[in-house]
Amino acid sequence: MKVVGFNGSPRMLGNTGLALDVVLERLADEGFETEHVYLCQTPMDACDSCGACNRNMDGNCIIVDAFSEHYARMLQADAIVFASPCYFGGVTAQLKGLMDRAGNVARSSGDQLSRKVGLGLVTERREGGLATLHQIHDFMMASGMVVAPSDGWPIIRGHILGEGKDSEGVEYLESLADGAAWLLRALDGQAQF
Ligand SMILES: Cc1cc2nc3c(=O)[nH]c(=O)nc-3n(C[C@H](O)[C@H](O)[C@H](O)COP(=O)(O)O)c2cc1C
């Protein structure tokens, strides 16, 4: 089973990357195929509300950029991680653009993200992370996804590059990976209830 993680940080070597790696490496150790996608490497436009996806209902966005590659990754994945630093209490523009376009394309083409497992994780300097996590979870619920459980909120505190190593936060990230692994196996009929 495949897990793709989208990193919404504009900083390649930032705290969000460290946090996403914690989750993806634990899932890889559990035998899942994983991929870490840095949105800052492939700039994308925001949704321009042109309505083409609603009219065409063909699973595409007509803006030509990296979105189509990312959306294909989502469709191929069993689970999708959305990871973002908290920016003024919400996700970064990079991740919001991906969520808006993917959400609209998916809804207009038979709810293509429905029943995929979703994992949200957030990094913050001090506060606003929970609102950001809610924003990610709200997107997932509106898209028919199944939100993976964790013991505690998967939010990491850190500010300067590489600081995102707070030990309690890392435990929550590990529990998110464990919860997603359990959920994926349960949906596949392998896990014990
Ligand atoms: C534009 C901007 C807005 C931010 N807003 C918040 C905020 O509302 N709350 C907070 O705790 N940290 C805020 N931060 C700090 C980042 O969330 C924090 O440094 C995070 O670890 C950065 O992740 P990165 O290393 O992956 O870039 C903000 C940073 C920037 C650049």
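Helices (H or I, at least four residues) and strands (E, at least two) are DSSP runs, numbered from the N terminus. The model treated here is predicted: local features need pLDDT of at least 70, side-chain atom pairs count only at pLDDT 80 or more, and totals for chains, interfaces and linings use all residues. Residues are numbered from 1 along each chain as its sequence is written.

**Exercise 1. Overall architecture**

Task: Establish how many helices and strands the protein has, and decide why its radius of gyration agrees with a compact globule.

Solution.
1. The protein contains six helices and six strands. Read from the N terminus, their order is β-α-β-α-α-β-α-β-α-β-β-α.
2. The C-alpha trace spans about 50 × 40 × 25 Å along the principal axes of the protein.
3. The radius of gyration is taken over C-alpha atoms, and the globule rule is 2.2 Å times the number of residues to the power 0.38. A compact globule of 193 residues would therefore have a value near 16 Å, and the protein agrees, with 16 Å.
4. A residue is buried if 20 or more other C-beta atoms lie within 10 Å of its own, exposed if 12 or fewer, and partly exposed in between, with C-beta atoms placed from the backbone. Buried residues account for 42% of the 193 residues.
5. Two residues are in contact if their C-beta atoms, placed from the backbone, lie within 7 Å. Of the contacts between residues at least 6 apart in sequence, 75% join residues at least 24 apart.

**Exercise 2. Helix 1 and its packing**

Task: Compare the span of helix 1 with its expected value, and identify the elements against which its buried residues pack.

Solution.
1. The expected span of a helix is 1.5 Å times one less than its number of residues. Helix 1 has 15 residues and so should span 21 Å; its end C-alpha atoms are 21 Å apart, in agreement.
2. The buried residues of helix 1 are N15, T16, G17, L18, A19, L20, V22, V23, L24 and L27.
3. These buried residues pack against strand 1 (2-7), strand 2 (33-38), strand 3 (79-85), strand 4, strand 6 (155-157) and helix 6 (167-187).
4. After helix 1 comes G31, with a positive phi near 100°.

**Exercise 3. The nonpolar core**

Task: Name the residues that touch the most other members of the largest nonpolar core, then trace the contacts of L121 and A180.

Solution.
1. A nonpolar core is a set of buried Ala, Val, Leu, Ile, Met, Phe, Trp, Tyr and Cys residues joined through C-beta atoms within 7 Å.
2. The largest core holds 51 residues, of which F6, V23, V81, L121 and A180 touch the most other members.
3. Neighbours within four places in sequence aside, L121 is in contact with A19, L20, V23, V81, A83, P154, L173 and L176.
4. A180 belongs to helix 6. This residue counts as buried because 27 other C-beta atoms lie within 10 Å.
5. With neighbours within four places in sequence again left aside, A180 is in contact with L27, A79, V117, L119 and A148. A180 and V117 are 63 residues apart along the chain, and their C-alpha atoms are separated by 7.4 Å.

**Exercise 4. Positive phi outside glycine**

Task: Locate M57 and F88, and classify M57 and F88 by burial.

Solution.
1. Most residues other than glycine have a negative phi.
2. M57 has a positive phi near 50° and sits in the loop between helix 2 (52-56) and helix 3 (67-76). M57 is partly exposed because 13 other C-beta atoms lie within 10 Å.
3. F88, also not a glycine, has a positive phi of about 50°; its place is the loop between strand 3 and helix 4 (93-108). F88 has 7 C-beta neighbours inside 10 Å and therefore counts as exposed.

**Exercise 5. The ligand shell**

Task: Describe the residues that surround the ligand and sort them by class.

Solution.
1. A residue is near a molecule or strand if its C-beta atom, placed from the backbone, lies within 6 Å of it.
2. The ligand is surrounded by 20 residues, the closest being S9, G14, T16, P85 and R125. Helix 1 (15-29) and strand 4 (117-124) are the elements that give two or more residues to this shell.
3. Ala, Val, Leu, Ile, Met, Phe, Trp, Tyr, Cys and Pro count as nonpolar, Asp, Glu, Lys and Arg as charged, and the others, Gly among them, as polar. The shell has five nonpolar, ten polar and five charged residues.
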